[in-house]
Amino acid sequence: MEEDFPKRLEEAVLSIRSKSDRNPPVGLVLGSGFGSFVESVEGTDIPYQEIGGFPVPTVEGHAGFLRLGPSVAVVAGRFHHYEGWSMDDIVLPVFLLHALGVRTLIVTNAAGGINRGYSVGELVLIKDHINLIGVNPLRGPNPAGFGPRFPDMTESYSRKLREMAREVVAALEAGGRLQEGVYAAFAGPTYETPAEVRMAEVLGADLVGMSTVPDVIAARYLGMEVLGLSMVTNMAAGILDKPLSHKEVLETAAQAVPRLSVLLQGILSRLVRP
Ligand code: HPA
């Protein structure tokens, strides 16, 4: 992280605190194509433009917003490395959630399936990750008051939360199941080549994507418990004999949102149960 990061975070926290004193214990980062889930969560929206210290997008369009509810805060709009954002920009929302009181973080993403046992449209619990982005968001100064210089990443995706997610699926869908997999993050924005997908497979990856890993590194550094869910929006390049398209990724994500929503609702209600 850069020297000015703690100041940016402080500005972000002050912006939120001037509008709300909520301290939700659970945070949710929505992946591409899952934006509509935000409608299922009650809360006040704070557009990124109104959050001090937050990156200001240079191109037109909606940067995103934070929905702050009494028990859940939703990050609706991720910053990605492939868009040119710095690692500080990318992880600032996670640091902000932590500063607002979040201690359990749910991260979601769209991913390409490498594991041939997966099918398109399926949800997979992330059990571990491989950082192939080429940078680590914690590189640089380690200011006092956040976390250790060398954070442990042994159980980055909480075993307990994975177990709970499986219980929720079993309770909601008789015979329903969630497979588990290792998520490898590439920098993008190109989709991987078939050779890169084979490499990731040899390295032990079941899923490929372009996000999430920086968020989870930040979350673990800060001591948060993490649950990661990938939606297999396509089989990764070279697994099937057909090219990949962003349109298809978004269409599959949109189709699968209802099931994701039901599961996320079930998981959230377990997490915030009084
Ligand atoms: N690769 C990388 N990112 C992705 C993919 C993929 O195949 N599908 C959705 N996001």
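**Ligand, pocket and cavities**

Trainee: Which residues surround the ligand?

Mentor: In this predicted model, the ligand is surrounded by A110, A111, G112, Y191, E192, V208, G209, M210, T233, N234, L244 and V249.

Trainee: What makes each of these residues part of the shell?

Mentor: Distance. The cut-off is a heavy atom within 4 Å of the molecule. A110, A111 and the others named are counted by that rule.

Trainee: Why is the pair between N234 and the ligand called a polar contact?

Mentor: A polar side-chain atom of N234 lies 2.6 Å from a nitrogen atom of the ligand. The limit for N or O atoms is 3.5 Å. The N234 pair is therefore a polar contact.

Trainee: What polar backbone atoms lie by a nitrogen atom of the ligand, and at what distances?

Mentor: For A110, a polar backbone atom is 3.3 Å from a ligand nitrogen. For G112, the distance from a polar backbone atom to a ligand nitrogen is 3.4 Å. Both pairs are within 3.5 Å, so both count as polar contacts.

Trainee: How much of the ligand's accessible area does the protein cover?

Mentor: On its own, the ligand has 260 Å² of accessible area, and the protein covers 94% of it.

Trainee: Which space does the ligand take?

Mentor: The second largest pocket. The criterion is that more than half of the molecule's atoms lie within 2 Å of the grid points. The ligand is assigned to the second largest pocket on that basis.

Trainee: Which elements give two or more residues to the shell around the ligand?

Mentor: β5 (104-113), β8 (207-209) and β9 (225-235). The largest share, three residues, comes from β5.

Trainee: What makes up the shell by class?

Mentor: Seven residues are nonpolar, four are polar and one is charged. Gly counts as polar in this scheme, so G112 and G209 go with the polar residues.

Trainee: What is the volume of the second largest pocket, and what lines it?

Mentor: The volume is about 370 Å³. The lining has 23 residues, with S32, Y82, A110, Y191 and M210 nearest the centre. Elements giving two or more residues to this lining are β5, β8, β9 and α6 (246-271). β5 gives the most, with four residues. By class, the lining divides into eleven nonpolar, ten polar and two charged residues.

Trainee: How many cavities of 30 Å³ or more does a search of the whole structure find?

Mentor: Two. The largest has a volume of about 50 Å³. Its lining is R78, F79, H80, H81, M87, I90, I133, M210, S211, T212, P214 and D215. α2 (87-100) and α5 are the elements that give two or more residues. Six of the lining residues are nonpolar, four polar and two charged.

Trainee: Why is that space called a cavity?

Mentor: In a cavity, a 1.4 Å probe fits but cannot get out, whereas a pocket is open. The space of about 50 Å³ is therefore classed as a cavity.

Trainee: What lines the second largest cavity?

Mentor: V29, V75, G77, R78, F79, I90, P93, V94 and D215 line it. About 30 Å³ of space lies there. α2 gives the most, with three residues. The classes are six nonpolar, one polar and two charged.

Trainee: How do you know that the bond between G188 and P189 is cis?

Mentor: Omega is about 0 degrees. Most peptide bonds are trans. P189 is in the loop between β7 (179-186) and α4 (194-203).

Trainee: What makes T212 worth a mention?

Mentor: Its phi. The value is positive, about 70 degrees, and T212 is not a glycine. Most residues other than glycine have a negative phi. T212 sits in the loop between β8 and α5 (213-221), and T212 is also among the residues lining the largest cavity.

Terms used:
Residues are numbered from 1 along each chain as its sequence is written. This is a predicted model: local features need pLDDT of at least 70, side-chain atom pairs count only at pLDDT 80 or more; totals for chains, interfaces and linings use all residues. Side-chain values use heavy atoms; hydrogens and water are left out. A polar contact is a pair of N or O atoms within 3.5 Å; within protein, one must be able to donate a hydrogen and the other to accept it, and residues adjacent in sequence count only if both atoms are side-chain atoms. Accessible areas come from the Shrake-Rupley method with a 1.4 Å probe; for residues, only the protein chains shown count as cover. On a 1 Å grid over the protein atoms alone, a cavity is a set of points where a 1.4 Å probe fits but cannot get out, and a pocket is an open set with protein on both sides within 12 Å along at least five of seven lines; lining residues have an atom within 4 Å of a point. Grid points are joined across faces, edges and corners, and a volume is the space filled by probe spheres set on the points.
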